[in-house]
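Trainee: Please choose one part of this structure and take me through it closely. I should then like to learn how its surroundings are built.

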Amino acid sequence: MRRAMAIMCFIGGSMAVHGQDDLLGLLGEEEGGPIYTIASFKATRVINGHSLENMKHGVLDARISHRFGFLSGGINDFFGLDNADVRLGLDYGITDRLMVGIGRSGYQRTVDGFFKYKLLRQCDEGCAMPLTLVIVGASSLTTAPARDVPWYGPDRKDYFSNRLSYSWQLVLGRKFSEAFSLQLMPGVVHRNLVELASDHNDLVNVGVGGRMKLSKRVAVNGEYFHVFRERSPLFTNSLSLGFDIETGGHVFQLHLTNSTGMFERAFITETIGKWGDGDIHFGFNISRVFTVHRPKRPE
């Protein structure tokens, strides 16, 4: 109940802020020169993974990501509503091309951070670039006690470095029309500590994400990540489906996913839910943007 009240206060308080720009105007559009493609996706995330979009220079994105328990828990867990994992995050546009962010998750009490840079930008007029290419570098630090982390054994010494993981990812995609965008996301996740000596520290993976616009304010999204190397039979690949609803400065993302964690190491390499068994989380992301710094226009 306290968590629900906090979320409602967050939404209500942000709605009281006046003079906010429309969200789609805060996703990196520039004045003068080439006209770059904007709004390939309604937010900087497809569902769990990063989209082609960045926040514009000087814009802060406050995000609440929430995952209820598995639907397969049945009536005893009220179909997952009795359990929840939350991530609170802040993302900021240092420039129109460079964005940084930090977050805190209840999942293994993890702190994560990232940078995201647009190497190439799809262009509508003034240049011939047909694609957008983004590089994302991320890291995470697990702060939960060793006994609560599944890949710690009783004989493992708890070094600080054991709790770190890193991720590198390319996001390559295109907005094909006002209604349809598609992206490919090859990457690698490095885990400093793994459970067994036979486990791989580096897991190469590739994701695919897409968006289909249903109306001016509503879109349907899909996302899938495939890991190439063998892992524990406990883990499976991440698959998520959902809807984006945009209302001015808010984006509500409602979705179904088999992933519990909401940072790269967790949802790419540690997903345990199986769609066929009903191991699906209902979840949502709430995004609220604020103009912290408005750059001066060239005279």
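Mentor: The account below begins with one loop, follows its contacts to a neighbouring strand, and then turns to the wider chain.

This is a predicted model, in which local features need pLDDT of at least 70 and side-chain atom pairs count only at pLDDT 80 or more, while totals for chains, interfaces and linings use all residues. Residues are numbered from 1 along each chain as its sequence is written, and side-chain values use heavy atoms, with hydrogens and water left out.

The part chosen is the loop between β1 (35-36) and β2 (59-70), where N48 is found. Strands (E, at least two residues) and helices (H or I, at least four) are DSSP runs numbered from the N terminus. N48 is buried because its relative accessible area is 4%; buried means under 20%, exposed over 50%, and partly exposed in between, with a 1.4 Å probe and protein chains only. Leaving aside neighbours within four places in sequence, N48 is in contact (heavy atoms within 4.5 Å) with R67, E223, S238, S240, T257, S259, G261, M262 and F267. With S240 there is also a polar contact, side chain to side chain, at 3.4 Å. A polar contact is a pair of N or O atoms within 3.5 Å; within protein, one must be able to donate a hydrogen and the other to accept it, and residues adjacent in sequence count only if both atoms are side-chain atoms.

The loop between β1 and β2 also holds T44, which is buried, with a relative accessible area of 1%. The side chains of T44 and R45 are joined by a polar contact of 3.3 Å. T44 and D61 stand 17 residues apart in sequence, and their C-alpha atoms are 9.2 Å apart in space.

R45 leads from this loop to another strand. Its side chain meets that of D91 in a salt bridge, 3.0 Å from N to O, a term for a side-chain nitrogen of Lys or Arg within 4 Å of a carboxyl oxygen of Asp or Glu. R45 lies in the loop between β1 and β2 and D91 in strand β3 (residues 84-93), so the salt bridge ties together parts that are 46 residues apart in sequence. R45 counts as buried at 7% relative accessibility, and D91 counts as buried at 0%.

Strand β3 takes part in another such pair. R87 forms a salt bridge with D112, the closest N and O atoms being 2.9 Å apart. Since R87 lies in strand β3 and D112 in strand β5 (residues 110-120), the pair ties together parts that are 25 residues apart in sequence. Both R87 and D112 are buried. A further salt bridge, at 2.4 Å from N to O, joins the side chains of E246 and R217. E246 is in strand β12 and R217 in the loop between β10 (202-213) and β11, so that the pair links distant parts of the chain, 29 residues apart. E246 counts as buried at 1% relative accessibility, whereas R217 counts as partly exposed at 32%. In total, the count comes to seven salt bridges.

T257, one of the residues in contact with N48, lies in strand β13 (residues 250-257). T257 counts as buried because its relative accessibility is 0%. A polar atom of the T257 side chain lies 3.1 Å from the backbone nitrogen of S259. Not counting residues up to four places away in sequence, T257 touches N48, R67, L239, S240, W275, D279, I280 and H281. L256 also has its place in strand β13, but at 33% relative accessibility it counts as partly exposed.

Turning to the interior, the largest nonpolar core has 14 residues, of which V171, F225 and I268 touch the most other members. A nonpolar core is a set of buried Ala, Val, Leu, Ile, Met, Phe, Trp, Tyr and Cys residues joined through side-chain atoms within 4.5 Å. At least two residues of this core come from each of β7 (132-142), β9 (180-191), β11 (218-227) and α2 (264-269). A second, separate core of six residues includes M99, F114, A138 and V289.

As for the protein chain as a whole, it has two helices and 14 strands. Its 299 residues are 46% buried. Of its contacts between residues at least 6 apart in sequence, 60% join residues at least 24 apart.
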